[in-house]
Amino acid sequence: MSTLNYQERIPNNVDLAGNRQLQRALEHWQPRFLNWWKELGPERYQDADVYLRTAISVDENGWANYGYVKMPDYRWGIFLADQERDRRIGFGDLYGQPVWQQVPAEFRSVLRRLIVTQGDTEPASVEQQRLLGLTCPSLYDLRNLFQVNVEEGRHLWAMVYLLHAHFGRDGREEAEELLARHSGDADKPRILGTFNEPISDWLSFFMFTYFTDRDGKFQLKSLAESAFDPLARSCRFMLTEEAYHMHVGENGIGRIVKRTLDVMKEIGSEDPEAVRRAGAIDLATIQRYVNFWFSSSLDLFGSEQSSNAASAFANGIKGRPDEASFEDHLALDQVCEIEVPDGAGAMRREAVPMRNAMNEVTRRAFVADCEAGFIRWNRLIQKSGYQARLFLPSPRFRRAIGAWNGQPVAPDGSIVAREAWEARKGGWLPTEADGAFIRSLMRQVIEPGKVAGWISPPARKVNHLDADYEFVKFH
Ligand code: BYC
Ligand code: FE
Ligand code: FE
């Protein structure tokens, strides 16, 4: 177990003190990060004391440290999972060779691009969520939001460390750019589509943490296999934080569903309008938000067929999630069957060399992982005696990247006429009216123990503390 050094300006377990030049570069970036945080991080609450968890070591028990912190004083730092002795490359053409502690010159630009793309999503999500505190449904949820936000801030630090430590001047410039692009900015948007979508309400926040943070999980799992060992170790530690973000999403959606079911019982009706009049979110609207965020998150995996992905795999740069669970780590003579539109309004199957289909392999692992929450939520619905079910739409629905980009596919996966798609999309995706209704529910509740009417009280505790604890103290 390695203990983190908290005495320094930048807490770390990478012996920053032993590398003065790197330390100076990061100390130069630190005030810029803080300026960005104060300007584009959580609105209004920079002064509040927030009951936050801070990692004090990189093993499982290192998370036990809770206390009140003002967010700008959070100990953001650089933590890598412990180094594995004699670690070997686990896949691709270089299988079995020792991993790299330095970046090989021939892979420099592709590694930089992956690290920048990963790094870009972290501050993007903080920007997307910056106004949510103003409409939090409870102090408990407000704390959870801020916990997610500071950890995404740390994920940015993780990638900036790699850029500074291993990519010289280019890396330092990229680190500046990570603070210069902004979510939704017309001139300098964030790199990936989903990270430019507004998250202006808490239903969207829970969908985002359920689906989009889960993309993070699978991308980090793929990068945790990388032959570039510092990247692999960085991602392994980030994954411990990611699990919590997805919990926030799963529990949040579960609490919304539970409240909706309670209201349906109370009023004796499943009618969406009646449910809305009673101040809860009807299941059909929840489904439309699922359809939106799931389809958007699927695009984050890239095209089904990608030569970028094939060469990243061949060269040991990016593996499959849980690479050890596969039998053949070379993936040379295998194919992957994918579905593509046949150009005549139907679907056909195509066999793609496995290495070129790595994005699809990762996406399928993601889709399977998304199911767990639905089983739980549908059990709640079933137990309440209702027939309705929430479901994942077809992965071909509303895609903007890959073979199905722009194809008129219904949530059940069938290809429909374009006019039919346009005519029916209001039943499949959140409408303006849905957005206005959801926003009308978003009123801030900050009395300890109180919860807004559209979501049921939390069933889980924070560090053994009940839901009426004063998780955030205002000044
Ligand atoms: N939007 O060959 P292709 C997280 C680009 S989430 C816009 O199929 P490739 C988090 C692509 O870049 C995890 N552009 O793609 C969650 C490429 O551009 P170039 C984030 C897109 O290279 C919540 C072109 O299209 N981490 O951590 O195989 C809160 C051709 O595509 C999109 C990563 O993404 C899109 N959706 O793979 C906070 C890991 N999709 O080269 C944080 C790092 C693709 O033609 N990134 N394009 O200019 C990667 O591994 C890869 O870059 C991708 C795409 C998986 C994104
Ligand atoms: Fe993250
Ligand atoms: Fe996350």
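The following exchange between a trainee and a mentor concerns a predicted model, its ligand shell, its cores and its strands.

Mentor: Residues are numbered from 1 along each chain as its sequence is written, and chains are lettered from A and ligands numbered from 1 in the order in which they are written. As this is a predicted model, local features need pLDDT of at least 70 and side-chain atom pairs count only at pLDDT 80 or more, whereas totals for chains, interfaces and linings use all residues.

Trainee: Which element gives the largest share of the shell around ligand 1?

Mentor: The shell holds 25 residues, the closest being Gly216, Gly302, Ser303, Ser306 and Asn308, where a residue is near if its C-beta atom, placed from the backbone, lies within 6 Å of the molecule. Two or more residues come from each of α2 (108-128), α5 (202-223) and α9 (307-314); helices (H or I, at least four residues) and strands (E, at least two) are DSSP runs, numbered from the N terminus. The largest share, 6 residues, is that of α2.

Trainee: How many residues of the shell around ligand 1 are polar?

Mentor: Ala, Val, Leu, Ile, Met, Phe, Trp, Tyr, Cys and Pro count as nonpolar, Asp, Glu, Lys and Arg as charged, and the others, Gly among them, as polar. On that division the shell around ligand 1 has 6 nonpolar and 6 charged residues, and its polar residues number 13.

Trainee: Which helix gives the most to the largest nonpolar core?

Mentor: A nonpolar core is a set of buried Ala, Val, Leu, Ile, Met, Phe, Trp, Tyr and Cys residues joined through C-beta atoms within 7 Å, and buried means that 20 or more other C-beta atoms lie within 10 Å of the residue's own, with C-beta atoms placed from the backbone. The largest such core has 56 residues, and those with the most contacts inside it are Ile115, Val160, Tyr161 and Phe228. Among the elements that give two or more residues to this core are α2, α3 (139-166) and α6 (229-267). The most, 9 residues, comes from α3.

Trainee: Why do the buried residues of α9 lie on the same side of the helix?

Mentor: The buried residues in α9 are Ala309, Ala310, Ala312 and Phe313. They lie on the same side of α9 because the arc they cover around the axis, taken from the directions from the helix axis to the C-beta atoms, is only 165 degrees.

Trainee: Which strands are the edge strands of the open sheet?

Mentor: Two strands pair if DSSP finds at least two bridges between them. Strand β1 (residues 49-54) runs antiparallel to β2 (residues 65-70), joined by 6 bridges, and antiparallel to β5 (residues 472-473), joined by 2 bridges. The 3 strands form an open sheet in the order β2-β1-β5. Each edge strand pairs on one side only, and these are β2 and β5.

Trainee: Which residue in the hairpin of β3 and β4 takes a positive phi?

Mentor: Strands β3 (residues 335-341) and β4 (residues 347-353) pair in the antiparallel sense over 7 bridges, with cysteine 336 opposite valine 352 in β4. The hairpin has 5 residues between the strands, and the residue with a positive phi near 85 degrees is glycine 343.

Methods:
A residue is buried if 20 or more other C-beta atoms lie within 10 Å of its own, exposed if 12 or fewer, and partly exposed in between; C-beta atoms are placed from the backbone.
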